[in-house]
Amino acid sequence: MGITFIDFPWAIALILLPLTGGLSCFLWPSVSKILGLVTVIGVMLSATGLGWLVIDKGVYHYLVGGWGAPLGIELYVDGLSLLMLMVTALVALGVSIYSIHYFELSYQRRFWPLWLFLLTALNALFLSADIFNLYVTLELMGLAAVALATLTGSHDAFTAAMRYLLATLLGSLAFLFGVVLLYHSFGSLDIAVLSERFESNITAWAAFGLISAGLVLKTALFPMHFWLPPAHANAPAPVSAVLSALVVKASFYILLRLWLEIFSQLDTDVDILFGFLGSIAIIWGSLQALRQTRIKLLVAYSTVAQVGYLFLAFPLAEKVGVTAWSAAVYLILSHALAKSAMFLAAGNLLRFGGHDRIADLDRVAQRLPITVAAFALAGVSIMGLPPSGGFISKWLLLQSALVQSQWGLVGVMLIGGVLAAAYIFKVLGRAFTQAPLPHEPGVVPATMEWAALLLAGGAILLGFFASEILAIIEIGSPFGAGEVKL
Amino acid sequence: MNTVFLYALVGIGLFCLGLFALIVQAHLLRKILAINIMGSGVFLILVALARRTEGGIPDPVPHAMVITGIVVAVSATALALVMILKVTESSGQPEFPDEESK
Amino acid sequence: MLTEYVSAVLLVAGAIFYLAGTIGLLRFPDVYTRLHALTKADNLGLGLIVIGLSLQASSFAAAGKLFLIWLLVLLAGASVSHLVARAALHKGVHLWKR
Amino acid sequence: MEALALLQDVFDILLGFGLLWLAWLALFSLDLFRSIVSFISFGLLMAIIWVRLDAPDVALAEAAIGAGLTGALFLAAFAKLQPASVNGKGSSINPQKQSSRKQLLRWLPALIMLWIASGLTIAILALPPHATGLTSEVTSNLTASGVSNPVTAVLLNFRGYDTLLEIVVLLLALLAVWSIGSSVPSIESEPGPVLDTLSRLLVPILIMVSAYLLWVGAHAPGGAFQAGAVLGAAGVLLVLSGWKLYPGLEGFPLRLVLTAGSITFVVIAILTMLVSGTFMQFPPAQASILILILEMVATLSIGVTLAALFIGSPPTDIKKL
């Protein structure tokens, strides 16, 4: 056969490993912790292997079942999907390490299979080149995410998860409706085939409207964000981290992919609308975050604001496509790492104090220095200060806006940055105040602190490897010709 | 030929009726019914339009897609129904609490 | 030719039983009498239709399947009617009296 | 012949409007129980429409899963909701709250729906009246797929990867339901002699029907999902007549049966990868036997999963830990 190491089907491993891991955790719940960790490490290795393969040999195609489009399903990996897979693996690793000591025994056996199935769905989603297959992965992801969000078992969690479930089901249905129209217009489900056959007509417009509406709802762009803050704030910390870092980005990834490959051929002004809503999301989400009295809600509203930045890339990309899209991808990566770190850190603070009221974060800095460091580092990236991944992405976005003299968007970004600084210092400032401890603090295991710091460190490190990562984004030139100007 | 578009239009009707009910009905069980009916509408369009083939044998791919969709729908419904019971258990009514605006 | 006419007559007769049963279901005053109407449609109406259709069936196997369906409906219909009536009695629904 | 065509058109129109009317009843009838019953009738009418649209496979799936099991799930949830909401009708709208603002809140979405509906109508009517989709690709590859029913070929061979994920979705739903775990006890009813006899008679028949659907799926309408749903219905009937799983089987054996479908799928996918070098590429000579094995195990898993979803509460083994 002569299969060399590099030719190993890493992409298939990325799907099958978490799937079998999830099944095994369900079958043997008593060892689910070990099984889960082994699986996640395997996923990390597979993502690295796939990365090596793609960086070495370029775009990766796989015909599942050997049929190929349009009859069968294809997997497709270019720089964009590769980075999504890698950041997923990295966040998964951090969250899994964190979860070992976070959940009690009875919750371990519930958490691991659901979480590994969610990971399966995420990997399958980023690998897929078939729009109906994307629908199935979206549903798998949505149901797993909702189930995980209920794990705290509180009344608020159930109400929030119920809203989340309805929103995600509605979004998937709208997406499916769009898929139906695309299939019946152009006779294929494969993105590449659709991209060739696509032509602008009224049905294509309807499909675009339905798919965008569904995915925007799932991505929680203002004003469709109503479900996000309660669902993310009431979930267990590792779940909040995954929801904010990865699940929201997955639907954005599909929107981005379909926009680039298919819908950019429509002559639309929707990009302006996206930019407008994104701007409101930045301002409004940041203001709401500033108003919150609980850390987890604050962090959740910060996600609403950061999602707004992603949508700024749409209007900016018209003139400076590659720069603006690269900025968006960079933001996805850095926000994924920073936000998961922040939620994990918030979970530690909650565990330590027994509550997550910002006003009562007494003298945490001395007790949990690693956690506070993680929160601060993640905050640096969220605010967009150098050196961090967040800085690179916001800098690129700002550049694209300045080149085009889009002063409105420049203003929004600057205000958003100032507000982000305000809400992050609101937490950090409290953490350093001198107050006596009114209660017995909870014990926070070291793994939980280091997991948060690992992810936050990743967000900072992204700031040092800009040129390498931008080179990876360019593999398969998902954003068309051109180059990024740093 | 007309049958195709007749049923496709019925499908649109179901989708919009379901969406309307999803928005205006407060009872969670009805919201889940609404989601199911919206789904049926989309499936109906998918299969109706698959009969536009010349030979009389309809396109089988949409049929397989709908079977997949039906199974996904029953999975989502089962999860949603258990969650309704939980929400009702703690709040006493199968609705979203009023004070939060949607 | 003859079998086709016989089949048509049986089908129409079956349809009439269905119509009668449906009208009964809508018009009768209480759950017990409605059940009575329903079983007529199920058993007799479907029976006639099954006989009518099996006259036109291409093979014995197809006719056999049709009869199997009828038997199943008889079984399920009778049991379900019983269960509905029992539930109604347990709930305290009174028999209708003129 | 023209009269027959006209009759068929009338029939289609009646079916279409009947469907919309039942949907309306299911969504807006004041009595929730009536709504659920309307929804089940909606599913049955839908099944007839699938037959009208030459989609018998979908009709079977709809009747068994869409109307049957979904309906059973709704009824069970409705029964469990009853003690929770005191008045029986927890949904009844408080008349005083129906202010003019509420009225406006209803008219606005109604108008938006009309707007969406007309837009979608234009979009659908703009489609070309003839399109082949993937019919020719499916037909020309059918011999290599191992089955002669094109829908089964798509589900288990051409797009088998979707089906693998779909089985995982079903399993995931059960995991989620067990994880949430309702504390409302499942419905306890004294079965009575009739239900008891019925289940004794019907369960073997249902198992036979399930096996038949499974076997016939290779060349005629049927297949794993339809067969699994029928098996699930047998399970529901057993549960309703008071049957309980032997406690020793509630733990690992039950979980093994539940996951068997997904595991078999994964194992066969890996085996094919070792043999042919490609994930889920069935060698044409062995395709039909592989598909049969897959479907048999999947049927069992789907049936048990559906029945377990109906019961809702996790087995005691899970609760303890």
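The following dialogue examines a predicted model, with attention to chain D and to one residue of chain A.

Trainee: Why is V38(A) called partly exposed?

Mentor: V38(A) has 15 other C-beta atoms within 10 Å. A buried residue needs 20 or more and an exposed residue has 12 or fewer. The value of 15 falls in between, so V38(A) is partly exposed.

Trainee: Where in chain A does V38(A) lie, and how far is V38(A) from A160(A)?

Mentor: V38(A) belongs to helix α2 of chain A, residues 32–57. From C-alpha to C-alpha, V38(A) and A160(A) are 32 Å apart in space, with their positions 122 residues apart in sequence.

Trainee: What is the secondary structure of chain D?

Mentor: Chain D has 12 helices and zero strands. Of its 321 residues, 46% are buried, the cut-off for that class being 20 or more other C-beta atoms within 10 Å.

Trainee: How many residues of chain D are in contact with chain B?

Mentor: The model places 76 residues of chain D in contact with 68 residues of chain B. A pair counts as a contact if the two C-beta atoms lie within 7 Å. The largest share of this side of chain D, 13 residues, is supplied by α3(D). By class, the side of chain D that touches chain B holds 50 nonpolar, 16 polar and 10 charged residues.

Trainee: Into which domains is chain D divided, and what makes up the contact between them?

Mentor: Domain 1 of chain D covers 1–82 and domain 2 covers 147–321. Their centres, taken over C-alpha atoms, are separated by 24 Å. The contact takes 13 residues from domain 1 of chain D and 16 residues from domain 2 of chain D. On the domain 1 side, the residues divide into 10 nonpolar, one polar and two charged.

Trainee: What share of the contacts in chain D join residues at least 24 apart in sequence?

Mentor: Among contacts between residues at least 6 apart in sequence, the share is 73%.

Trainee: Which residues of chain D have a pLDDT under 50 throughout, and why does low pLDDT matter to a reader?

Mentor: Over residues 85–98 of chain D, pLDDT stays under 50, and the model has 16 contacts beyond four places in sequence for them. Where pLDDT is low, the predicted coordinates should not be read in detail. As a whole, chain D averages a pLDDT of 87, and 88% of the residues score at least 70. For the complex, the predictor gives an ipTM of 0.94 and a pTM of 0.94.

Technical notes. Residues numbered from 1 in each chain as written. Chains lettered and ligands numbered in written order. Predicted model: local features only at pLDDT ≥ 70, side-chain atom pairs only at ≥ 80, totals over all residues. Helix = DSSP H or I, 4+ residues; strand = E, 2+ residues; numbered from the N terminus. Domains from an automatic or database assignment. Nonpolar A, V, L, I, M, F, W, Y, C, P; charged D, E, K, R; others polar. pLDDT = per-residue confidence, 0-100.
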